Every structure is written in structure tokens, then in C-alpha cells.
Amino acid sequence: METKEVVTLQENEKTFIEKNPLALGLLRIDGPRVSLVASSKSFASLIQGLKGTSEEDFFLFSMRMFRQKISRKSNGTTMFQASP
Amino acid sequence: MNGTFQSLFRLKDASGHYQPFSLQGKLVNEKGGSLLLYLFLFPLDGATLRSVEQKEEGERQSLLFNQILSTTKTAIFWKDAQWRFLGANTAFLDYYGFPTEAAILGKNDEDMGWHSDPNPYKNDELRVLKEGISTFRVPGKCFAKGEERNIVASKSPLIVGGKIIGLVGSFEDVTLETRQKEEIAKLNVELPRRVHEHERLMATSAVAIATIHLPDLSLLEANDTVYEMLGLSRNEAQAQYPHSLKEFFAGERGQELDRFLLEARSAIEQKKPSFSFTFHLPRKKDSLWVSGAASFSAEDQSDVVVVYRDATDIMETQRRLSLAENEAKKVPTLSEENARLNSMIDGVPSGLGTLQIIDGVPADQIQLNQFFFSRVDAPSAKDGFLSVSAFLECLHPEDRDNFALAYRNPLRDKHLLAKQFRFRSRTNGAYLGPASAR
């Protein structure tokens, strides 16, 4: 997949996620660093309910699950491949 | 980022049981260079899980099937019940040179014009569609990329819910194999004929035919004439010189073989397919001159086929011709010598004549000098030559028998030193003499 779409995270998006009854989460991937930006209660509940799984572990786990390969091309576009 | 994904996995919960979850995600580029990953995580119940798993399995199977179809080298196609194309794989499209399926979809073989006679193929496919039979590797022909090719095709009915809804077929190009088989069949017919011709040629030919392997100078094959020219039977020759030219041409004979090899090497260097040769063939008691031609074998360039015949008569004729030519070159010299002698003879102040005797046989002409013709009543003679009969007319009638006798026995009478004869005078017709003849 290839995209040139670039977004700016709006505060109301985080609010939308945090207030959502569904298990929604938003992660920021900045190079090797992965951090949780926002999550709904259900999402947090599910995460916390998983024995021995910290948030960061889960993010890393999910990344491994999808075996993502993210590479940045010279024209600024981002290639994303998911092969579950 | 519009990369989206979805997957199922199981996570162990606090009670130690694995719970199925579906995770859907979307990845977008964030201003500043980082990525935002939106996640939607929800637990699945058993029915939903099975449904999703079946769907995923179906997708995997479909993906696998498509990959197999697109990577196999076998051309595969499928048609509807009306004999029209519904699809084909990459190998099929590549074979005919079509970039996409669009060129064939909804068309039948007649529309495509692939066959010079489409009826056998149509009938074949109609039987598959109507009778539900399968065909396997049926040979046929089709036009592809401007050339008629040989193929073998297999077809089976496509049955859904007990009803034939179409057919699926495959074919392989066997043009190369077919042509090779045809060539082999042709050669199988040709081979016995050529073998028979070869054997007949070898058996009946009046010329010697042999095959020589140059690296070791072995005789691979030879007809009877080869041995006849050697003055040996085949068995005798093989016992004395077992297939070896080196042994036959051992010793002084070797120079004849060297001459032949020199010609062969020269032909090889000049990349000539053949060369001619002449050499002296030694035999038990005498020798022959043989002359012929040698050709390098088409199968193995180190083998040479030689064809030659006895050229002794030709060589002897050439030798004689050469001698004759040498003698001919001497003719002007002899003429000059003769003129000088004539001049000398003519200058002698007495009658002088010469009689040429070849191999003991006297010539029928006598050459006489000017003094003789000035004194004797003789008919005119060219270059001083007078026939013996004319010469006799010049003699006194009583002396003619004696002269004839002396003429016939010039060498037999070893004691003959001189004879005296009377000649008729040119001035008054009286007989001069006696004059002596030696």
C-alpha cells in the first residue's frame, strides 16, 4: 500500500477515542519507538485484563503479529505491508 | 496512511484461557514524520470466529489458487456451457500473446481463429459439455503468434450441483517433440535405405573406400577393393596390420603416409572439407600408384573417408608424356644440328648421301648433297631427300639389284666397306662411274 496522505492529530480525535464505548486505541510509531496516544476504556480494560501484558508489550506484540514492514521512500511516501 | 489490516489472534486472559480477538488497524502518516496507528480491538464469540476463519481460509485458498494458476507453465482455460471463454491463466495468455483476458472473454475458438479446422475441437468440447466425459492429452494444432503449433489438450467438465456448467482445460505445446518424432520417423525410414546403399557401394565399388581415424591412424572401415589393391585378402591384411596404417606404412613406406598426412593437415588448416591425394602404394612384390579424394566425416572431423583407385596406368602415361615433351623440346636443337650438317655435306666436293637406320630398319629415303644433284640425273628433291626407288632410277640398270641388296642388308653384312655403282650423268645421260658407296 502506498499513500501520500499526511494528517495532523486533532485533540477531538483523542477525545473521540477516549469516550468511545468500543475498544479503540491510537498508537504513534516514531522510528523504533511505539507509544500509546489515546485509548478507550474498553481498550484499556482489555489490555489490562491480559495477564502479564503491559501496554508496551502489547504494542510490540501487535506489531509482531502483523509483521509490519514500514519503510520510508525517498519521495516521502510510506510503504506499509501487513502479512498476518 | 490508508494501509488497513485485519487479523485474528488468541490472547491468554487472566483466567488462563485463550480468547479470540479481532484486531483491525489503520496506519496513516502524521505531520512531523511519525505514523499513527488506529486500532480497533474486539473479542469474538465462537460463531463469529468460525465465520471469520472460514472467510480467511477461503481467501487464503483463493490466493493460493490464483498463485498456482499464474505461476504454472501449463496453459489453463475455462469455458461456459456455450463453449465460450470465461477465463485463462497467465501461461495461456502468454502463449497466444494476449496482455489480458479481455481478448478472449465471451469468445469461442472459432471467433479466435486458432484452428484451420475448428470442428474436431468443437466436437471434442461439446462431448465434454454434453456427455460429461474427460479427454486427456489429445493431439491437435493451433495458430499462435503467426505459426501453426502442435499441442496436446486435456479437458474436463466443470460440474456444480450435479450440472455441467462449463469445462476446464489445459494444453501443452509439443511442437518440438512432434517435430523431433517426425524427424526420427523419417530417419528410421531413411536409415535402412542408406545402410543398404552404403553396403552395396562398399561391396560392389571398383574403387577403394576406407575410413581412417586420423589421431591414431587406425582403419575404421574398408571395402574389399582396398585389400585387393594391397594384394592381400581381408583376413591376411588384418592379421598382418591389424587395422593400423602405421604398421602397414612402417619403415621406408612411411614417407608415402607422411605425404598423405601432409595433405590432410594442410586441408585442416585451410578448413577445407576435402582434399585430393596421390601416393605410391607398396605391395608384396610390386607397387601401385593410387589417386583419389578424402573427405572429413560429418560426424567426427577426426575421421576421414578416402576414395581412391589404381592410377598406375595414368601415372605411366603421364611419365611417357613427360618424356615425349622433353624430346619435343629437343626438336629445334636437332633441326639446327641437321641444318649445320646439311651445310657441311653440301660443301663437300663429292657426291655424298646418308641413309637413316632406325632399330635396324633402313629408311625409305636417302639424303643427298648438292654435288650429287649437280652431277647425277636425278629428279628434284626437297631438302635433298630422294626416295630409294627414285635413287635406283639414277643407277645403271645393271647395278640396281646390287644396290637393292646392299640397301636391305646394310647391317647384316659386317664386312661391307664399299660398293661401286654407276650413275646417269645430268649433262649427257651417259653413266658416270663407277662411284663407290659406303
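pLDDT is the predictor's confidence in each residue, from 0 to 100. This is a predicted model, in which local features need pLDDT of at least 70, side-chain atom pairs count only at pLDDT 80 or more, and totals for chains, interfaces and linings use all residues. Residues are numbered from 1 along each chain as its sequence is written, while chains are lettered from A and ligands numbered from 1 in the order in which they are written.

Q: In chain A, where is confidence lowest?
A: The mean pLDDT of chain A is 66, with 48% of its residues at 70 or more. Helices (H or I, at least four residues) and strands (E, at least two) are DSSP runs, numbered from the N terminus. Confidence is highest in helix 1 (residues 11-19) of chain A, at a mean of 90, and lowest, at 42, in strand 6 (residues 78-81) of chain A.

Q: Which are the edge strands of the open sheet in chain B?
A: Two strands pair if DSSP finds at least two bridges between them. Five strands of chain B form the antiparallel open sheet, in the order 10-9-13-12-11. Those that pair on one side only are strand 10 (218-222) and strand 11 (274-282) of chain B.

Q: Which residue is the bridge partner of B:H280 in strand 12 of chain B?
A: Strand 11 and strand 12 of chain B form a hairpin with four residues between them. Nine bridges join these antiparallel strands. In strand 12 of chain B, the partner of B:H280 is B:W289.
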